[in-house]
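Please open the model in your viewer and keep the sequence panel beside it, so that selections can be made by chain and by residue number. The stops below go from whole chains to single residues.

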Amino acid sequence: MMAAIILVVSLVTMMMFFVSYCRSLMASSASHALSEEVRDVTGIQSRASSRDFTRVMQLLQLCPDRPSDRMGLQAVQLYYSFLSAAQSSISRIAPSFASWSETERASCAYFVAVVLDKRISLSREMLAQQAES
Amino acid sequence: MHLGSAELLIWCLGTALELAFVVCSIARRSFFTYFFLNLYMLLSVLADVARWMMLAKFGFKSDAYMYTYYYTDALLTVVLYVLLISLYSRVFGELRFAKHMRLAAVVLLLGTAGFSCAVVVQQGNRLSHFFAYELSQNLYFVGIILTYLLWGAVLKLRETRTRLVQMVLSLGLYFSVYAASYALVNVAPEVTVVKYASPLLGCLLPLAWCVTILRYSEDSRLAPAQLVAVP
């Protein structure tokens, strides 16, 4: 009985820390202004929408990987999947969750767009260095 | 007992990530800024090496391995507790009661040690590895509560330092996941995946801290309002 209570409490706190961790990852990229090029390619102007996520992820696969982004990206991907799954089930019971989840998923899409922007910059720098040498 | 290839791989991965965090800290000139985090990782590596040597020389069921395992575990838990208090000091650093907080932390540590000692004596065991086991277990529980309180303080004090916020959150996630996996062992001991889950989850903390150290500088800031999740 005690172990079951500890399990439930641990799972709840784990969820809370996971959501906050993902939000802290996304918050650090929220102030980053997307370049003109990325805005054209992704179609994201000032604010992203939740529907942009899959498309931006596909674009991200085309760019060279940045190892320092990998874990953050995987955490946000997991968060996005969790939100999508929760939205289809919880939003029927709690309608306010649907709008909150939509905003969160849009933030996930913007985070991925910022990662794409950084990868494009890195690729450009690498090409410039190769051209110089 | 021979370790399976999956267990060996997870063990090596964990040790490599612990070392990677120290290397990243030195590379980013943050070794002394986060001294206790680095100390914990270095001691974890030393504990891994000591356990490995004992396992290879005396075997899994030997007393030597058992004592090494439990005493290194107790030592690591005490250092993890000190690390947590160092994070408290950073969050409350500018407040007047920082000194009182350190004193309270020492009293809490001694109190937990005293309680563990009393439990072991009451059970009629000699003060050997049982004390180390009891102390680790109790300090882990105290750690979960303290991390939760620290997160509350981070939100209340509107902490903006990205590195500090992410380190506290990683620690909270690590403690919660570990507690959940221990509880799952008791609830459903037949679930074999738990056997691999604990050491695998142990890799999460150094990995998350490596990312934090590499990704953000000491000057990185974030808006605290963006951390509160209210559906």
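The tour starts with confidence and overall form, then turns to helix pairs and to a few residues.

**Stop 1: the whole model**

Before selecting anything, bear in mind that this is a predicted model, and that its scores are ipTM 0.78 and pTM 0.83. Colour chain B by pLDDT: the chain averages 84, and 92% of its residues score at least 70. Within chain B, select helix H2 (residues 35-58), where confidence is highest at 92, and then helix H7 (residues 193-202), where confidence is lowest, at a mean of 74. As a general caution, predicted coordinates should not be read in detail where pLDDT is low.

**Stop 2: chain A**

Select chain A and show it as a cartoon; its secondary structure comes to 5 helices and 0 strands, which read along the sequence as α-α-α-α-α. Turn the chain to look along its principal axes, and the C-alpha atoms fill a box of roughly 65 × 30 × 25 Å. How does the radius of gyration of chain A stand beside that of a compact globule of 133 residues? Chain A has 18 Å, whereas such a globule would have a radius of gyration near 14 Å. Of the 133 residues in chain A, 31% are buried.

**Stop 3: the H4 and H5 pair of chain A**

Stay in chain A and select helix H4 (residues 67-90) together with helix H5 (residues 95-132), whose axes lie 10 Å apart and pack at an angle of about 155°. Are these two helices roughly parallel or roughly antiparallel? Since angles over 145 degrees count as roughly antiparallel, H4(A) and H5(A) are therefore roughly antiparallel to each other. Their crossing is left-handed.

**Stop 4: chain B**

Now hide chain A and select chain B, which has 8 helices and 0 strands and follows the pattern α-α-α-α-α-α-α-α along its sequence. Its radius of gyration is 19 Å, close to the 17 Å that the globule rule gives for 231 residues, so chain B is as compact as a globular protein of that length. Along the principal axes, the C-alpha atoms of chain B fill a box of roughly 50 × 40 × 40 Å, and 34% of the 231 residues are buried.

**Stop 5: the H3 and H5 pair of chain B**

Next select helix H3 (residues 63-91) and helix H5 (residues 129-156) of chain B, whose axes come within 9 Å and cross at roughly 20°. That angle makes H3(B) roughly parallel to H5(B), because angles under 35 degrees are counted in that way. The crossing of H3(B) and H5(B) is left-handed. If you colour the side chains by class, the contact of H3(B) with H5(B) has 21 nonpolar, 5 polar and 1 charged residues.

**Stop 6: B:Glu134 and B:Leu39**

Remain on helix H5 of chain B and pick B:Glu134, whose place is in that helix. Is this residue buried or exposed? B:Glu134 has 23 other C-beta atoms within 10 Å and is buried, because the cut-off for that class is 20 or more. Draw a distance from the C-alpha atom of B:Glu134 to that of B:Leu214, 80 residues apart along the chain, and the separation is 36 Å.

Then move to helix H2 of chain B and select B:Leu39, which is found there. B:Leu39 counts as partly exposed, with 16 C-beta neighbours inside 10 Å. Between the C-alpha atoms of B:Leu39 and B:Leu84, which are 45 residues apart along the chain, the separation is 12 Å.

**Stop 7: two loop arginines**

The tour ends with backbone angles, for which it helps to recall that most residues other than glycine have a negative phi. Select B:Arg29, in the loop between helix H1 (5-27) and H2 of chain B; although it is not a glycine, B:Arg29 has a positive phi of about 55°. B:Arg29 is exposed, with 9 other C-beta atoms within 10 Å.

Where does B:Arg158 lie? Its place is in the loop between H5 and helix H6 (162-187) of chain B. B:Arg158 has a positive phi of about 55° although it is not a glycine, and B:Arg158 is exposed, with 10 other C-beta atoms within 10 Å.

How values were computed
Residues are numbered from 1 along each chain as its sequence is written. Chains are lettered from A and ligands numbered from 1 in the order in which they are written. Axes are lines fitted to C-alpha atoms, for helices over the stretch in contact, and angles run from 0 to 180 degrees between N-to-C directions. Helices (H or I, at least four residues) and strands (E, at least two) are DSSP runs, numbered from the N terminus. Angles under 35 degrees count as roughly parallel, over 145 as roughly antiparallel, 65 to 115 as roughly perpendicular and the rest as oblique. A crossing is left-handed if the near helix is turned anticlockwise from the far one by less than a right angle, and right-handed if clockwise. Ala, Val, Leu, Ile, Met, Phe, Trp, Tyr, Cys and Pro count as nonpolar, Asp, Glu, Lys and Arg as charged, and the others, Gly among them, as polar. pLDDT is the predictor's confidence in each residue, from 0 to 100. The radius of gyration is taken over C-alpha atoms; the globule rule is 2.2 Å times the number of residues to the power 0.38. A residue is buried if 20 or more other C-beta atoms lie within 10 Å of its own, exposed if 12 or fewer, and partly exposed in between; C-beta atoms are placed from the backbone.
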